[in-house]
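Here are a few exercises to work through with the model open beside you. Try each task before you read its solution.

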Amino acid sequence: MRPQIHPIPSGTRDVLPDEMRELRDITEAIRAVFELDGYGEVWTPALEYEEVLGRGGGAPPAYRVFDDHGEVLALRTDMTVPIARLVATRYQSAEPPLKFCYFAHAYRGVRPHRGQMREFLQAGIELVGAPAPHGTAEALSVACHALDAVGLRDYRIGLGDASLYPTLLRSLGIAQQAGKALMDALVARDFVALQHELGKLGLGDADTELLLRVPQVRGGPEVLADAEGPVAGAVAGLRGVYDRLAPEVAQRVIFDLGLIRKMGYYTGAVFDVYDPALGAPLGGGGRYDDLLGRFGRPLPAVGFALTIDRLHIALTGEEKAAALAREPAVDAFGGVQS
Amino acid sequence: MSTTGALTIAVPRGALMKGTLDRLDAIGIDTREVRTNDRKLLFADIGVVTMRPSDVPTYVEAGAADVGITGKDVLTEQPEREIYELLDLDYGMCRMILATVDGPDPSAEALRRLGVMRVATKYYKTAAAYFERTGRQAEIVEVKGSVELAPLTGLVEAIVDLTATGTTLAENNLVIREELFASTARLIANPVAHKLKAAAIDEMLEKLRAL
């Protein structure tokens with residue numbers, strides 16, 4: 001008999017018991033860390049009113065439906081906006097700081113590839129009412145504790161500031177429209193286009209050089225040493241965060257002055273989590289000090305999300321690399337060296 | 001991505017290969033073995049992997065190569081790739097063009113009388129984006145082989161294709177009507193390697209920039 005094929009939507013997948021056990025190990029390890037650090041787990045509906053998600057300014061929803069009253073509903077694209085809504089409506093007068101964590105699926109209209117589904121499970125926290133720098137430092141510490149608990153050894157955290165480049169553009173008196181072309185090039189990670197757009201502005205050599213060099217600065221704390229002028233404020237902010245980190249967290253940090261996250265709600269420090277075993281970030285987060293205000297409860301906030309599938313891929317990749325390292329005759333390509 | 005300090009470099013086969021190997025030699029990577037061995041694809045000693053230019057973004061995005069070299073035409077056709085474009089290497093110069101048969105422009109007439117022009121290309125996304133941007137309706141016909149044949153047989157009124165010298169176009173009685181953009185070789189990097197191997201990538205970038 002021919003098997004019947006019942007397809008599932010592109011970018012979604014089934015998880016069977018062997019994989020599920022491994023995913024559970026990861027989420028349970030993270031849940032224990034979040035619980036210990038005082039973050040209470042919440043659920044919110046996967047479907048929200050599109051207007052509510054739009055107010056938050058996250059990634060645009062990819063899946064929309066009409067309900068029986070003709071209202072437009074959308075599948076959430078992250079948990080940050082739903083939790084901002086939750087705080088503003090359910091915790092109207094609660095004394096901050098408020099600490100929440102979640103393990104929830106989010107949905108985006110991406111091109112599906114390894115570690116990037118259209119439906120994906122995230123684990124994350126939102127720390128509401130804790131301003132920079134100590135709130136940011138706490139979020140980074142929780143992230144590291146979670147990654148340690150998962151068993152990752154080689155991860156690093158790229159730390160930048162979403163306000164750095166816009167501030168730099170404003171201080172050099174670059175018009176909004178020209179500034180947008182530069183920001184678009186940065187978001188597209190296209191330094192050739194950035195140089196090209198800068199060439200059109202007719203700035204002095206020193207300003208052009210500064211605008212091209214700053215977003216390519218990345219490395220240890222030594223790269224912050226010669227930051228001055230218009231970037232000094234953001235850099236001082238990053239140093240303030242760094243100085244509050246415990247050594248085992250601080251040693252994971254790579255400063256990255258060109259770091260851009262695509263969500264529109266970030267206002268200050270932003271970070272991405274990297275592991276050499278995967279070609280894409282495992283997750284990331286940052287400060288969104290304006291977001292709660294859009295829902296009527298202005299409070300500074302910071303949070304992060306880790307994509308469980310990517311943690312799992314990185315974990316298996318690290319295991320493989322470690323096994324390879326124990327057999328020195330085999331090189332990184334799997335070929336035997338003489 | 002390899003976990004060792006050295007970079008894995010994706011090198012394009014075909015028209016960009018010689019220029020790429022020349023530059024790798026010039027920055028101190030000995031590519032003699034790559035030049036003499038046409039069948040081998042992976043050269044672990046010098047961290048070089050060779051592939052079709054259109055595969056370079058795939059390997060670099062996934063981190064199977066840390067950095068790579070490919071044409072801007074390839075990158076324009078794969079705009080959704082999560083990679084860094086670091087440097088215009090200024091060789092492999094060619095142009096993405098719109099061409100039709102010589103004489104009165106048949107694509108203009110098709111647009112005027114039929115409301116839509118038919119265009120054959122190997123660069124579907126590039127062409128679709130271009131006609132959208134210039135406010136014209138076009139039916140894009142994707143072909144895999146010689147694009148020049150399509151307007152000669154009446155399949156389409158125009159083609160969007162890459163040309164370096166224009167010789168093949170001229171031999172087929174085709175003339176360039178519009179230039180979409182000029183393309184050169186670009187150095188691209190995986191976003192995670194760009195952070196975790198920053199020193200090695202910046203060193204390579206500086207050496208290439210100094211050539």
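The exercises below go from the sheet of chain B to the core and then to a helix pair.

Before you start, note that this is a predicted model, in which local features need pLDDT of at least 70, side-chain atom pairs count only at pLDDT 80 or more, and totals for chains, interfaces and linings use all residues. Residues are numbered from 1 along each chain as its sequence is written, while chains are lettered from A and ligands numbered from 1 in the order in which they are written.

**Exercise 1.** Work out which strands stand at the edges of the sheet in chain B.

*Solution.*
- Step 1: Write down the strand order, which is β2-β3-β1-β4-β11-β5 in an open sheet of 6 strands with mixed pairing. Strands here are DSSP runs (E, at least two residues; helices are H or I, at least four), numbered from the N terminus, and two strands pair if DSSP finds at least two bridges between them.
- Step 2: Look at the ends: β2 (42–43) and β5 (84–88) of chain B each have a single partner strand, so one side of each has no neighbour in the sheet.
- Step 3: Now check a pair inside the order. β1 (residues 9–12) and β4 (residues 67–71) of chain B run parallel and are joined by 2 bridges, and I9(B) stands opposite V67(B) of β4(B).

**Exercise 2.** Find the residues with the most contacts inside the largest nonpolar core.

*Solution.*
- Step 1: Fix the terms. A nonpolar core is a set of buried Ala, Val, Leu, Ile, Met, Phe, Trp, Tyr and Cys residues joined through C-beta atoms within 7 Å; buried means that 20 or more other C-beta atoms lie within 10 Å of the residue's own, with C-beta atoms placed from the backbone.
- Step 2: The largest such core has 121 residues, and I125(A), A143(A), L306(A), V67(B) and A189(B) have the most contacts inside it.
- Step 3: Helix α4 (residues 134–150) of chain A gives the largest share of this core, 9 residues.

**Exercise 3.** Describe how α1(A) and α4(A) pack.

*Solution.*
- Step 1: Two packed helices are described by the angle between their axes and the distance between the axes.
- Step 2: For α1 (residues 17–36) and α4 of chain A, the angle is about 140° and the axes are 8 Å apart. Axes are lines fitted to C-alpha atoms over the stretch in contact, and angles run from 0 to 180 degrees between N-to-C directions.
- Step 3: List the contact residues (C-beta atoms within 7 Å, placed from the backbone): α1(A) offers I26(A), A29(A), I30(A), A32(A) and V33(A), and α4(A) offers V142(A), H145(A), A146(A), A149(A) and V150(A).

Methods:
Buried ≥ 20, exposed ≤ 12 C-beta atoms within 10 Å, placed from the backbone.
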